[in-house]
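Morning, everyone. Please have the model open while I talk. I'll start with the interface, then turn to one helix and one chain.

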Number of protein chains: 2
Amino acid sequence: MTTATSTNPEADALFIAENAFLKELAQQIRAQDHYGVFRTWEDRLVLANFIVSKKRKREIPVNGDVDPATQLRILSFYRAIAASIEKETGKLCQVVLDISHEGFGWSLIWSGRLMVVCRTVRDAHRFGFESLEKLAADGEKLVENGIELIQRFPEVANL
Amino acid sequence: MTTATSTNPEADALFIAENAFLKELAQQIRAQDHYGVFRTWEDRLVLANFIVSKKRKREIPVNGDVDPATQLRILSFYRAIAASIEKETGKLCQVVLDISHEGFGWSLIWSGRLMVVCRTVRDAHRFGFESLEKLAADGEKLVENGIELIQRFPEVANL
């Protein structure tokens, strides 16, 4: 998959630099970069494959197994959410992604006995967001909901 | 894998007939029996592969992927636990098994936002119990703990 080109790379770079969730996400991707391919890349390029237009989504076939790179991207997204929740609450979070070869499944984040994120995954083959703003907004929403749940049920999260 | 022969088949059959968890487990296995292989088998024989002696465990190699039949057996075990908890509490339970090809991972059962069973899996290749009694005792313990958790945190299980 080629890296998408943005219409305004400077604005993108600025948006990422000021967004805690996107910075965390770039860090999660870099943590998997065992051969240092991304070492000299800007965060903007590291995150470029998370942006998939509606038109491009339609072109991605959903037959066959989910591409391992896409799976790792989905996992990185939820790991970034878990890491952000951990930083805010101090509670250790576990992540499990369970996706069938048909692209359906679960993404789960829990702490103690509290499920802080519990989402059904559909069309995993076509995972992606229309813009950096939408990617950040979706991540931040899940982080906020998770933190709220932990604050509401601390006893369950501590089990 | 050949089916283990019991030293006392009649006592085994009686034990299973009187044990709700083992009957549920046999039913879970039968639900996967798409070709009707087990249709005429007694529950005792359907459950025979769950019994693995210590000596036999040592003989099972842990290299390579976990045998699909073993994976299905582990999944059936946790599905039987989920079904037993459902019957007792009326709460819908979801099961996810996430095992790496090295035989490590998680088995998770949750209801709403409450994780009722959360177990790390090790040596999945060698999954099995020494006796029907131990199989039933392990399942029943997890069922009881799960029911207790739901009774303690009904609000979380209803989320």
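First, a term: contact here means heavy atoms within 4.5 Å. One more thing before the numbers: this is a predicted model.

So, how many residues of chain B are in contact with chain A? On the chain B side there are 19, and they meet 19 residues of chain A. Next, area. The size of an interface is often given as the accessible area lost when the parts come together. For chain B and chain A, the buried area is about 1700 Å². Carbon and sulfur atoms give 67% of that. Which three residues supply the most on chain B's side? They are B:W110, B:R113 and B:M115. Together they supply 33% of the area that chain B buries against chain A, more than any other three residues.

Now the charged and polar pairs. The rule finds two salt bridges across this interface. One of them joins B:R152 to A:E155. Their closest N and O atoms are 3.4 Å apart. The two chains also show six residue pairs in polar contact, both residues being at pLDDT 80 or more.

Where on chain B do the touching residues sit? Five elements give two or more residues each: strands β1 (94–99), β2 (105–111) and β3 (114–121), and helices α6 (132–152) and α7 (154–157). The largest share comes from β3(B), with five residues. By class, chain B's touching side has 14 nonpolar, one polar and four charged residues.

On to a single helix. Find α5 in chain B, residues 68–89. This helix has 22 residues. From first C-alpha to last, α5 reaches 31 Å, close to the 32 Å expected at 1.5 Å a residue. Right after α5(B) comes B:G90, with a positive phi near 75°.

Last, chain A as a whole. Chain A has seven helices and three strands. From the N terminus, the order is α-α-α-α-α-β-β-β-α-α. The C-alpha trace spans about 45 × 35 × 30 Å along its principal axes. Is chain A compact or extended? A compact globule of 159 residues would have a radius of gyration near 15 Å, and chain A has 16 Å, so the two agree.

Key
Residues numbered from 1 in each chain as written. Chains lettered and ligands numbered in written order. Predicted model: local features only at pLDDT ≥ 70, side-chain atom pairs only at ≥ 80, totals over all residues. Heavy atoms only, no water. Buried area = accessible area lost by both parts, 1.4 Å probe. Salt bridge = Lys/Arg side-chain N within 4 Å of Asp/Glu carboxyl O. Polar contact = N/O pair within 3.5 Å; in protein donor to acceptor, adjacent residues only side chain to side chain. Helix = DSSP H or I, 4+ residues; strand = E, 2+ residues; numbered from the N terminus. Nonpolar A, V, L, I, M, F, W, Y, C, P; charged D, E, K, R; others polar. Expected span 1.5 Å × (residues − 1). Rg over C-alpha atoms; globule rule 2.2 N^0.38 Å.
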